[in-house]
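Colleague: Could you pick one part of this model and take me through it slowly? I'd like to know what surrounds it and how it connects to the rest.

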Amino acid sequence: MTDLVRVTVDEREVHVPKGTGIVETALAAGIEIPVFCYEPRLGEGIGACRMCIVEIEGIPKLQTACTTTATDGMVVKTARTSKKASVGQNATLEFILVNHPLDCPVCDKGGECPLQDLTFRYGPGNTRMTFEKLTFEKPIPISPAISLDRERCILCYRCTRFSEDVSEDGQLVARNRGAMSVITTFEDEPYSGPFTGNVTELCPVGALLPTQYRFEARPWEIQNVPTVCGMCSVGCNVNATVREGKVKRILSRNHPEIDEGWICDKGRFAFSHTRAADRIVDPIKRVRMHGFEPVSWDDALDEAERLLRAAQGRVVVALSGSETVEQAYAMAKLVRVGTGSHEAMLPEEVTHSLDAYGLPLSAIRDAQVVVVLGDVSVAERAPIVDLWIKAARRNGARVLTELDDHAVRGADRAVLIWSGPGGRGGATVAAHAERLGLAGKEGCGAFYLPETPNGRGAADAWAAASDEEPAETESVGLLIVSGDEAANDPNVRALAEKAESVIAISMFHGLAAGWADLVLPGTSYLERDGTYVNLEGRLQRLRRSAMPPAPDELAWLSQLASRFGVELAPHAPMVFAELSERIYGGLAFGEVGERAPLRGYLGAPAHVEAPPLPEPEAATEGLQLVCYKPLFSGPAVERVDELQFQRPPAEVELARADAQARGIANGATVTVSHNGTSMQLRARIAKDLRKGIVRIAREHAGDLRGTVEVSA
Ligand code: SF4
Ligand code: SF4
Ligand code: FES
């Protein structure tokens, strides 16, 4: 049992676990101690701002609550009951404001600013300062996505601590001393990496702001819509800030088991793809001799019906894995029940064999051993998982990139993670988890990091729509390309060439117009109601934040389905109610929850036997190439100016040993070759890469495949 200590805060007695800080102890007593620099997610308090000062009986000077631990019998008085603490806090605020510009009326933080709020509550009502305040050049773009206003900075060091201790990129630093201290980037390079935008939320003043949001809205004009990010399989909980029907920014919405209040820059900044100049707003039809032209929705649905009938049961649907569960189910019902075609092209293999090893992502932080298999950088695949792994390492966990049975068996809490090329990854990691006896062991589990945000949900919805088994069709009468990720997939494009006709659902002109016979406008995850299933198997609610420029998919799918005698509701809650009976045990749409619990798959077997492990690959000459889809890539990222500098450079990553064996230095230009194909790339030595493996972003790999050689 945890030892408790008895503490009195403002005459209220509380019992808290030994080691609790005074800020938390006061909270347990229902009393708020104001803070600026303290933020428990950044680690221990550092006592930088002095806002949290309190009087502690027996200690003559005021103490900072954020750096003091409660001890048994301690008597604490906050500004509510201690004149001394109240005068101290007032003076602290006066001091913090000495050089602060107080430009609240034009500051984007105004109205939602802790400095403003605490000054009203605890600070002086006027100023005694008559001298000139310090001024700095402003705003400084520390990257294309973030603007820094140094005059507003109160030197709380939240941003530098995040960079140093959470994302561990070490790029934000403080330069100079005393009043001349300024926040800057290391060697004035742009602040880059998957997590930079988090500092704009951590900053308690308007010093670090997302450039996209500058002068875009005031707090009384906006609504924050609680939804989930649809950019990768983590499914971070976010608030979409909306003004006049348009999304203006994305903020984190702390789900302690999934994201702990951090989100990545793709999830934060890529929302503006919804306003891309080449957005498709009307259906487009291929017209003989005249190329393509917009058509009315009535004509588009007539044409879709004609193509579906002409295919005579030979319809194939290429899913993107970004459809909502409801959209995938609606499409499946139209095609499977309406036309008797059952074949879907899934974006990646989905397995149920991992369900027996389900854990919340936060369990990674508490693991003693974390094994990451698969050679694709976790941050590229599922960024927040990378932060959990970093937290585990800081907590003393061993993080391995090769399976060490002895280490896993010797740990009370072990987690296996597959971050590799798709295919059998999920089944492979499940087989290892089974072999190592992790099933049912508390704190132990296994994760597969999918490439798509809702591949699992889409695949299960497809399966739920009909009991008929898919039969291989010899020819493809009609290919339906469901979404931009599928439209971007070379395998889907190859199938489109063989298909007699193609319908594409796409958001952007550049993608499908040109090779599809009919293009129907697609929507973004920010424009949909529905549900997604994340990599933990957690069912989460998407809420429509922005109005789509064209009708929702469910609306026209329902109309089209009725032409085939299929009853399909046009609204997500009704579609969910139907499919929930089949796969979610009848769970009501309204019960999915704003902070969804990890329910496990309702109706799924407690344990699915994992298939046998693949034969280990025979040792080969040369280096094994792993091509990966970078985080900052894809149709949405390509349409966001602020993210272009984050796109992966043309480089090949090597393990140190392989680079040394070939006399290759970090940053050198090297030749990568395979079967007569060769290309020049910059070499980068990657610490997390196993010997014998090289890694290249898909967009820079050209025709390189399989085993390659790299030479200086
Ligand atoms: S920029 Fe913001 S977060 Fe960073 S030290 Fe200044 S006030 Fe704190
Ligand atoms: S980690 Fe994934 S889900 Fe989270 S914000 Fe980034 S892209 Fe979105
Ligand atoms: S919050 Fe305690 S010193 Fe800043």
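**Around ligand 2**

Modeller: Sure, let's start at ligand 2, whose surrounding residues are Cys229, Met231, Cys232, Val234, Gly235, Cys236, Ile263, Cys264, Lys266, Gly267, Pro383 and Ile384. To be on that list, a residue needs its C-beta atom, placed from the backbone, within 6 Å of the ligand. Residues are numbered from 1 along each chain as its sequence is written, while chains are lettered from A and ligands numbered from 1 in the order they are written. Keep in mind that this is a predicted model, where local features need pLDDT of at least 70 and side-chain atom pairs count only at 80 or more, though totals for chains, interfaces and linings use all residues.

Two helices, α6 (265–269) and α10, each give at least two residues to this shell. Helices here are DSSP runs of H or I with at least four residues, strands are E runs of at least two, and both are numbered from the N terminus. Sorted by class, the shell has nine nonpolar, two polar and one charged residues. In that sorting, Ala, Val, Leu, Ile, Met, Phe, Trp, Tyr, Cys and Pro are nonpolar, Asp, Glu, Lys and Arg are charged, and the others, Gly among them, are polar. The shell around ligand 1 splits into 12 nonpolar, no polar and one charged, and Cys153, Cys156, Cys159, Cys203 and Ala207 come nearest of its 13 residues.

Now follow α10 away from the ligand. This helix has 12 residues (383–394), so at 1.5 Å a residue it should span 16 Å, and its end C-alpha atoms, 17 Å apart, agree with that. The expected span is 1.5 Å times one less than the number of residues. Nine of the 12 residues are buried, that is, they have 20 or more other C-beta atoms within 10 Å of their own (12 or fewer would be exposed, in between partly exposed, with C-beta atoms placed from the backbone). Pro383 and Ile384 are among those buried residues, and so are Val385, Trp388 and Ile389. They pack against α4 (158–166), β18 (369–373), α9 (378–381), β19 (398–400) and β20 (414–418). Just past the helix, glycine 396 has a positive phi of about 100 degrees.

The contact with α4 shows up from the other side too: α10 is among the elements covering the buried residues of α4. Those buried residues include Cys159 and Phe162. After α4 comes glutamate 168, with a positive phi near 55 degrees.

Val385 of α10 also turns up in the largest nonpolar core, where Val370, Val385, Ile417 and Val481 touch the most other members out of 183 residues. Such a core is a set of buried Ala, Val, Leu, Ile, Met, Phe, Trp, Tyr and Cys residues joined through C-beta atoms within 7 Å. Helix α8 (residues 325–339) gives this core its largest share, eight residues. Valine 370 touches Ile389 and Ala392, among others, leaving out residues up to four places away in sequence; contact means C-beta atoms, placed from the backbone, within 7 Å.

Finally, back to α6. Domain 2 spans 132–275 and domain 5 spans 623–711, with bounds from an automatic or database domain assignment. Between them, 15 residues of domain 2 contact 11 of domain 5, and α6 gives the most to the domain 2 side, with three residues.

Key
Contact = placed C-beta atoms within 7 Å.
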